[in-house]
Amino acid sequence: MKLFYAPASPFARKCRIVAFETGLVGKIELVNAPPSENPPELIAVNPIVQIPTLILEDGRSVIGSDMICSYLIAMSGNKSLYSDDLGLEERRLEVFADGASEVAVKLRYELIRPIGKQFTDNITRLQNHIKRVLEFLDSEVNPDAYNLGTIATLCAIDYNDLRHPDLTATINVPNLRTLQRNMAAKEIVKTTAPQ
Ligand SMILES: N[C@@H](CCC(=O)N[C@@H](CS)C(=O)NCC(=O)O)C(=O)O
């Protein structure tokens, strides 16, 4: 299999950690393909030119990091990242965490516009979304758990810290900070740290 990714992507990072934890990492070739550069090999397999994109052995594409993670867990038969067979609670948290990553990416795209072309109202709106969703995650997460939901949450808070450090410094999320500390020593967390 092949996984199209970019080193900063929180969604691709989540898939890489899940690939490791399900024992599939050795079967997946990583292809660095930043979508902003319109890589032809990514365009050829994903018409919406987004990463992560997983290419299966038979050539089919799987897109959407939540779908990719579900797929890897199902294919491996390793459900250790779920608390039960369906992993509904972990997948529920995953979707909120992905929301925190998604808003952070949108804010990033807004902030890299030239100053005169930025929409200040949109920037404020996105900043408020980030504050709300990070506080929500803080109230929901069990910082001592290691599962699909907490992995997605880690990817979201680390990405927000990377791209919007001045904003996250003003948001009080003690459980997310504990989660970061608890997971920091894991090799796969270190090697996939966003850059
Ligand atoms: N919902 C998607 C979001 C993926 C996403 O937004 N990826 C970003 C990079 S972090 C991307 O490919 N952006 C390029 C674009 O949307 O044009 C997922 O969970 O995989």
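**Note on the predicted model: ligand shell, sheet, helix packing and domains**

1. By class, the shell around the ligand holds 6 nonpolar, 4 polar and 2 charged residues, where Ala, Val, Leu, Ile, Met, Phe, Trp, Tyr, Cys and Pro count as nonpolar, Asp, Glu, Lys and Arg as charged, and the others, Gly among them, as polar. The model is a predicted one, in which local features need pLDDT of at least 70 and side-chain atom pairs count only at pLDDT 80 or more, while totals for chains, interfaces and linings use all residues. Residue numbers start from 1 along each chain as its sequence is written.

2. The residues around the ligand (C-beta atom, placed from the backbone, within 6 Å of it) are Ser 9, Phe 11, Pro 35, Val 49, Gln 50, Ile 51, Pro 52, Gly 64, Ser 65, Asp 66, Asp 98 and Val 105. Two or more of these residues come from each of helix H3 (65–76) and helix H4 (88–111); helices (H or I, at least four residues) and strands (E, at least two) are DSSP runs, numbered from the N terminus.

3. The sheet is open and has 4 strands in the order E2-E1-E3-E4, with mixed pairing, two strands being paired if DSSP finds at least two bridges between them. Strand E2 (29–32) and strand E4 (61–63) stand at the edges with a single partner strand each, so one side of each has no neighbour in the sheet. From one strand to the next, the twist averages 25°, with axes as lines fitted to C-alpha atoms, for helices over the stretch in contact, and angles running from 0 to 180 degrees between N-to-C directions.

4. Strand E1 (residues 2–5) runs parallel to E2 and is joined to E2 by 4 bridges, and Phe 4 stands opposite Val 31 in E2.

5. The axes of helix H1 (residues 10–21) and H3 come within 9 Å and cross at roughly 5°, which makes H1 roughly parallel to H3, a term for angles under 35 degrees. Phe 11, Lys 14, Cys 15, Val 18 and Ala 19 in H1 meet Ser 65, Ile 68, Cys 69, Leu 72 and Ile 73 in H3, a contact being a pair of C-beta atoms, placed from the backbone, within 7 Å.

6. The domain assignment gives domain 1 (2–76) and domain 2 (88–191), with bounds from an automatic or database assignment. Contacts link 11 residues of domain 1 with 14 residues of domain 2, and on the domain 1 side the largest share, 7 residues, comes from H1.

Definitions and conventions
Parallel < 35°, antiparallel > 145°, perpendicular 65-115°, else oblique. Contact = placed C-beta atoms within 7 Å.
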